[in-house]
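Good morning, colleagues. Please turn to the sequence and the structure on the screen, as I shall refer to residues by name throughout.

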Amino acid sequence: MKTRNTKLGVIAITLLSAAMPFTAKAQDKVKASVGADIVSGYIWRGQDLGGVSLQPNASIAYKGLSLEAWGSVGIEKTDADGYDAKEFDLTLGYSTSGFSVSITDYWYNTGAGYFHYGAHNTTHLYEAQVGYDFGPVAVNWYTNFAGDDGVKENGDRAYSSYISIAAPFKLGGLDWTAEVGATPWETDFYGASGFAVCDVSLGATKDIRITNSFSLPLFAKATWNPCSERAYFVVGLSF
């Protein structure tokens, strides 16, 4: 679940006009990337999922179709047994002209092994996403449809869902993003008994120049969770 400071993004490849075949051919290529973030805390959708963490990522995309691998491993031991939880996510997505759709498989090493997919014996969680980036604001809807989902008070599967509205802007020479996220109905996955706002955040990024030709993006994000009455401030570097 991503930082999802970076958290759950889909890579798009835009093809140029068919009237320019020589240009289209140049753009009609597979794109790949690899990187990593180091963060002072793993905060995702208003939830505290860990302390200082290293979060690698790799992706490949072609004609709007993309496959991304993302992970997180805690650098500091946070529980009494010194256990260090790890996460490995795979996202298959498609994006075109602002519209995006994806399916993510989240997995954690805190229970059954990776190849356990049973309805009552798995730590995989499957989530569908659909969204549209209007430019000034981006809207995304996420729903857990299978795997280790949350439940309602009566024990029924919650089909835990989350909607986010994010608006990027520039101020004082920095790139900012303001975001509000909420769960629309009851689920213990987000600790909500009904509709609840669980993420109000404001983040900023800045490039730290190392040499004349190399810089590292520094980011900071403040998050408030009205549902759990918690607040967090995270800083990180992207490589």
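The largest nonpolar core comprises 11 residues: Tyr 42, Trp 44, Trp 70, Tyr 106, Tyr 108, Leu 125, Tyr 142, Tyr 162, Phe 189, Tyr 190 and Cys 198. Two elements contribute two or more residues to this core, namely strand 2 and strand 7, the latter spanning 99-108. A second core, separate from that one, has 5 residues, among them Val 39, Ile 43, Tyr 232 and Val 234. I should state at this point that the model is predicted.

Let me turn to the aromatic rings. The structure contains 14 aromatic pairs. In one of them, Tyr 42 and Trp 70, the ring centres are 5.9 Å apart. Why is this pair classed as tilted? The planes of Tyr 42 and Trp 70 meet at 55 degrees, so the pair is neither stacked, which requires under 30 degrees, nor edge-to-face, which requires over 60. The two partners come from distant parts of the chain: Tyr 42 belongs to strand 2 (residues 42-44) and Trp 70 to strand 5 (residues 65-74), with their positions 28 residues apart. Are these two residues buried or exposed? Tyr 42 has a relative accessible area of 3% and is therefore buried; Trp 70, with 2%, is buried as well.

Phe 189 and Tyr 190 provide an edge-to-face pair, with 4.9 Å from centre to centre and 80 degrees between the planes. Both of these residues are buried. Which residues do ring pairs join into a cluster? They are Trp 44, Tyr 106, Tyr 142, Tyr 162, Phe 189 and Tyr 190, and each of these six names also appears in the list for the largest nonpolar core.

Next, charged groups and rings. Tyr 142, a member of that cluster, has the charged end of Arg 45 over its ring, 4.2 Å from the ring centre. In a second case, the charged end of Arg 157 sits over the ring of Tyr 159, at 5.6 Å from the centre.

I shall finish with an acidic residue. Asp 37 is located in strand 1 (residues 31-39). With a relative accessible area of 3%, Asp 37 falls under the 20% limit and is therefore buried. What does its side chain contact? The side chain of Asp 37 is joined to that of Ser 238 by a polar contact of 2.7 Å.

Thank you for your attention.

Technical notes. Residues are numbered from 1 along each chain as its sequence is written. This is a predicted model: local features need pLDDT of at least 70, side-chain atom pairs count only at pLDDT 80 or more; totals for chains, interfaces and linings use all residues. Side-chain values use heavy atoms; hydrogens and water are left out. Rings of Phe, Tyr and Trp (its six-membered ring) pair if their centres lie within 6.5 Å; planes under 30 degrees apart count as stacked, over 60 as edge-to-face and the rest as tilted. Helices (H or I, at least four residues) and strands (E, at least two) are DSSP runs, numbered from the N terminus. Buried means under 20% relative accessible area, exposed over 50%, partly exposed in between (1.4 Å probe, protein chains only). A charge sits over a ring if NZ of Lys or CZ of Arg is within 6 Å of the ring centre and within 35 degrees of the ring normal. A polar contact is a pair of N or O atoms within 3.5 Å; within protein, one must be able to donate a hydrogen and the other to accept it, and residues adjacent in sequence count only if both atoms are side-chain atoms. A nonpolar core is a set of buried Ala, Val, Leu, Ile, Met, Phe, Trp, Tyr and Cys residues joined through side-chain atoms within 4.5 Å.
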